[in-house]
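Work through the exercises below with the sequence and the model at hand. Each one sets a task and is followed by a solution in steps.

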Amino acid sequence: MAEKHERVELEKTLNPANIWAVALGSIIGWGAFIQSPNWMMKAGGPLPLVIGFLLGGAFMLIVGFSYAYMIAKFPVAGGEFAYAYVGFGPTASYICGWMLSVGYFGIVALNATAVPVLFSILTPGLLKVGYLWTIAGWPVYAGEVAVSLALLWVLGFVNYRGVKSGGNLQLFLCILLCAAVVLIVLGTVITGNFNLSNLQPAANQNNVPMLKGIILIIAMAPFLYVGFDCIPQAAEEFNFPANKTLMLIFSAIGVGALIYAAIAVVTASVIPWLDMVNLTDANGNPESWRTGAMIKQALGGLGLAFVAIAVLAGMLTGINGFYMSSSRLLFGMARARMMPKFFAYIHPVHKTPSKGIIFVMCVCSIAPFFGREVLNWVVDMAAVGTGVGYFFTCAGAYMVLTKGLRPKSDDDISPAMAAAGAIVSLVVIALQVIPGMPAFLSLPCWGALGVWIVMGIVFYAVAMKRFRETSPGMVGYLILGDKSHLTAAELEAVEDCSPIIDCEVDLVEHELYQENHKN
């Protein structure tokens, strides 16, 4: 008997404010408030750091044109996975989805484990109870693991209960985040603690030439700005026209770039920045949170509270946004029969891909037990995965525009813009995978990436059996909702189904049903 086909759809409940918050909240995570001094040393000074932030954001804007175009043409769950299918077929779409998934999972896990780091800074020793083990030089404590697991489970429950509740939570946290950043910047300026002379020497420090420093930060752009690409994952749940996303993408990237730059400059302006990066605590040990220390020096305990609220909101929006994105990516791939049917299940009451959300929660709950150093390897390679997603979106847009895969319309972008986005994506990937490049991945990162690729090959060989039994017309319908290439029998079968419920179509059973009713 032929295996059952199904095409379920998600409810349209997210408004533009929810989607903008998903994008910005996923862009701004813990790194903007904790890693800024480290990035400054990596870049060789505040000037190449800020230029790298802004240029990286500008390059992502080029990519954003193709995203907005493809979202308007194909507003379906799965996003980049679906765009890769349109432009290059099923194998490319599987590669794209698989590479994106490690990035999404890794960022959920990384933000969850960053929260105990914040607690350890604000309340030293409070969570360092129940020593478990040390992995890659990072001690793991039961107290820190418990906090990470609690956050993962609570936010998993919020997403399980409904996308609207998750979207509203994201919007509230984003407003809180932006308000805290504005108060920090204005407070530092108004109190006279903002001193431009402290940003000198602006570049060429730590044996890093300015151009190399800029390139190093630009290479981080897929990691820094990963989040705007969460928008297509939720496209099926828009309660507004899908062709309205360009400004949402541009404003999220623009505000994200300004937040990155503002926090870096404010942190470095309170005292000479070279003193800031070498700051020590009262015991003579390296200061664990230099951003917080600088804001506290400028604005006192109230300023520290503002930055603590901002970083906590950034972490929570990262977890929440990528919960939504990763579960929708799995849903889209499962609906196309490239993943087990388990992930395409829609909760009958909450209308969410609830089993996918539970799966993400369970997988990410393993991560806190491995310590943050191992997770850093995963996140470093996540930039490669997101770069792959960017490439297939832009290259897919180019194919649609030049090969006549969709009728021409007034909102078409220039094929040159799509090609430019594809080139930007390839350059970003090249900076990380070509030996000798400034951002070449470390050996542990290559090991983690290799493991993930091998897993993907094995899974492709085993799990794609169901997909290979599906006709091309049915695949197009399952991925894109496009009925134009279905056979007469397939079209008759699917038109009897409601896309909102778990409607299963078995063509053999359908024909038997018709025959029995004739008799």
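**Exercise 1.** Determine whether Arg335 is buried or exposed, and find the acidic residue that its side chain meets in a salt bridge.

*Solution.* Arg335 has a relative accessible area of 1% and is therefore buried, where buried means under 20% relative accessible area, exposed means over 50%, and partly exposed lies in between (1.4 Å probe, protein chains only). Its side chain meets that of Glu236 in a salt bridge, at 2.7 Å from N to O; a salt bridge is a side-chain nitrogen of Lys or Arg within 4 Å of a carboxyl oxygen of Asp or Glu. The pair links distant parts of the chain, since Glu236 is in the loop between helix 10 (221-224) and helix 11 (246-269) while Arg335 is in helix 13, 99 residues apart. Helices (H or I, at least four residues) and strands (E, at least two) are DSSP runs, numbered from the N terminus. Glu236 also counts as buried, at 3% relative accessibility.

The model is predicted, so that local features need pLDDT of at least 70 and side-chain atom pairs count only at pLDDT 80 or more, whereas totals for chains, interfaces and linings use all residues. Residues are numbered from 1 along each chain as its sequence is written, and side-chain values use heavy atoms, with hydrogens and water left out.

**Exercise 2.** Find which parts of the chain are tied together by the salt bridge of Glu237 and Arg328.

*Solution.* The side chains of Glu237 and Arg328 meet at 2.9 Å, N to O. Glu237 lies in the loop between helix 10 and helix 11 and Arg328 in helix 13, so the pair ties together parts that are 91 residues apart in sequence. Glu237 is buried, with a relative accessible area of 0%, and Arg328 counts as buried at 0% as well.

**Exercise 3.** State how many salt bridges a search of the whole structure finds, and locate the one that involves Asp412.

*Solution.* The search finds four salt bridges. In one of them, the side chain of Asp412 meets that of Lys73 at 3.7 Å, N to O. Lys73 is in helix 4 (residues 46-73) and Asp412 in the loop between helix 15 (372-403) and helix 16 (415-433), so that this pair links parts of the chain 339 residues apart. Asp412 is partly exposed, with a relative accessible area of 24%.

**Exercise 4.** Explain why the sulfur of Cys364 forms no bond with the closest cysteine sulfur.

*Solution.* A disulfide is a pair of cysteine sulfur atoms within 2.5 Å, and by this rule the count comes to zero disulfides. For Cys96, the nearest cysteine sulfur, that of Cys394, is 11 Å away. The sulfur of Cys364 is 9.6 Å from the closest one, in Cys362, which is too far for a bond. Cys96 is buried, with a relative accessible area of 0%, and Cys364 counts as buried at 3%.

**Exercise 5.** Identify where the peptide bond from Gln200 to Pro201 departs from trans, and locate Asn207.

*Solution.* Most residues other than glycine have a negative phi, and most peptide bonds are trans. The bond from Gln200 to Pro201 is cis, with omega near -5°, and Pro201 is found in the loop between helix 8 (163-190) and helix 9 (210-219). Asn207 is placed in the loop between helix 8 and helix 9, has a positive phi near 60°, and is exposed, with a relative accessible area of 77%.
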